[in-house]
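Student: I should like to work through this chain step by step. Could we begin once the model is displayed?

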Amino acid sequence: MTPSGQSTRLKHRLRDALDRAASWSEIQSARERLSLGTLTILTYHRVLEDDAWARAPLQGLAMPRTAFAAQVEWLARTFVVEPLSAALASLSRSEPCGRPLAAITFDDGHRDS
């Protein structure tokens, strides 16, 4: 593994640990309450199988599939996830909802097998 790959992997581990700590400390819940009536847009570039991600030259532009799956599961539990156009329409109508609103987009939309 390249030094940049090790650095990226360390960043993912640190981010996961911070996310868990925020969740346990109720910081995340407070932040979610503040984000009601707003839209969070997550932009991904590419999702790869874990082993392909480990060999990828630009790991910062890709996400391992297992990490992406875990993040999507968390998003589904925490947010109302809608396509961007629907989320923008919901936001403009100020529709009340008990959870924050999110949309997932892909920049450049690589098609991987």
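The following exchange proceeds from the whole chain to its sheet, a helix and two single residues.

Tutor: This is a predicted model, in which local features need pLDDT of at least 70, side-chain atom pairs count only at pLDDT 80 or more, and totals for chains, interfaces and linings use all residues. Residues are numbered from 1 along each chain as its sequence is written, and side-chain values use heavy atoms, with hydrogens and water left out.

Student: What pattern does the chain follow along the sequence?

Tutor: Helices (H or I, at least four residues) and strands (E, at least two) are DSSP runs numbered from the N terminus. The secondary structure comes to 5 helices and 5 strands. Read along the sequence, the pattern is α-α-β-β-α-β-α-β-α-β.

Student: What percentage of the residues of the chain count as buried?

Tutor: A residue is buried under 20% relative accessible area, exposed over 50% and partly exposed in between, with a 1.4 Å probe and protein chains only. Of the 113 residues of the chain, the buried portion is 27%.

Student: What is the strand order of the open sheet of 3 strands?

Tutor: Two strands pair if DSSP finds at least two bridges between them. Strand 1 and strand 5 (residues 101-106) pair in the parallel sense over 6 bridges, and strand 4 pairs with strand 5 in the parallel sense over 2 bridges. The order of the open sheet is therefore 1-5-4. Strand 1 (39-44) and strand 4 (80-81) stand at the edges with a single partner strand each, so one side of each is left without a neighbour in the sheet.

Student: Which residue in strand 5 does Tyr-44 stand opposite?

Tutor: Strand 1 and strand 5 are partners in the parallel sense. Along this pairing, Thr-40 stands opposite Ala-102. For Tyr-44, the residue opposite in strand 5 is Phe-106.

Student: At about what angle does helix 4 run to strand 1?

Tutor: Axes are lines fitted to C-alpha atoms, for helices over the stretch in contact (heavy atoms within 4.5 Å). Angles run from 0 to 180 degrees between N-to-C directions. Helix 4 (residues 65-78) lies across strand 1, strand 4 and strand 5, and its angle to strand 1 is about 165 degrees.

Student: Which residues of helix 4 are buried, and within what arc do they fall?

Tutor: The buried residues of helix 4 are Phe-68, Leu-75 and Thr-78. They line one face of the helix, because the directions from the helix axis to their C-beta atoms fall within an arc of 100 degrees. The face turned away from this buried side carries the exposed residues Thr-66 and Arg-77. The names asked for are thus Phe-68, Leu-75 and Thr-78, and the arc is 100 degrees.

Student: Is Val-80 buried or exposed?

Tutor: Val-80 lies in strand 4 and stands opposite Leu-101 in strand 5. Val-80 and Arg-99 are 19 residues apart in sequence and 6.1 Å apart in space, C-alpha to C-alpha. With a relative accessible area of 18%, Val-80 is buried.

Student: Leaving aside its neighbours within four places in sequence, which residues is Asp-50 in contact with?

Tutor: Asp-50 lies in helix 3 (residues 50-55) and is partly exposed, with a relative accessible area of 30%. Asp-50 and Met-63 are 13 residues apart in sequence and 8.2 Å apart in space, C-alpha to C-alpha. Beyond those neighbours within four places, the contacts of Asp-50 are Pro-64, Arg-65 and Thr-66.
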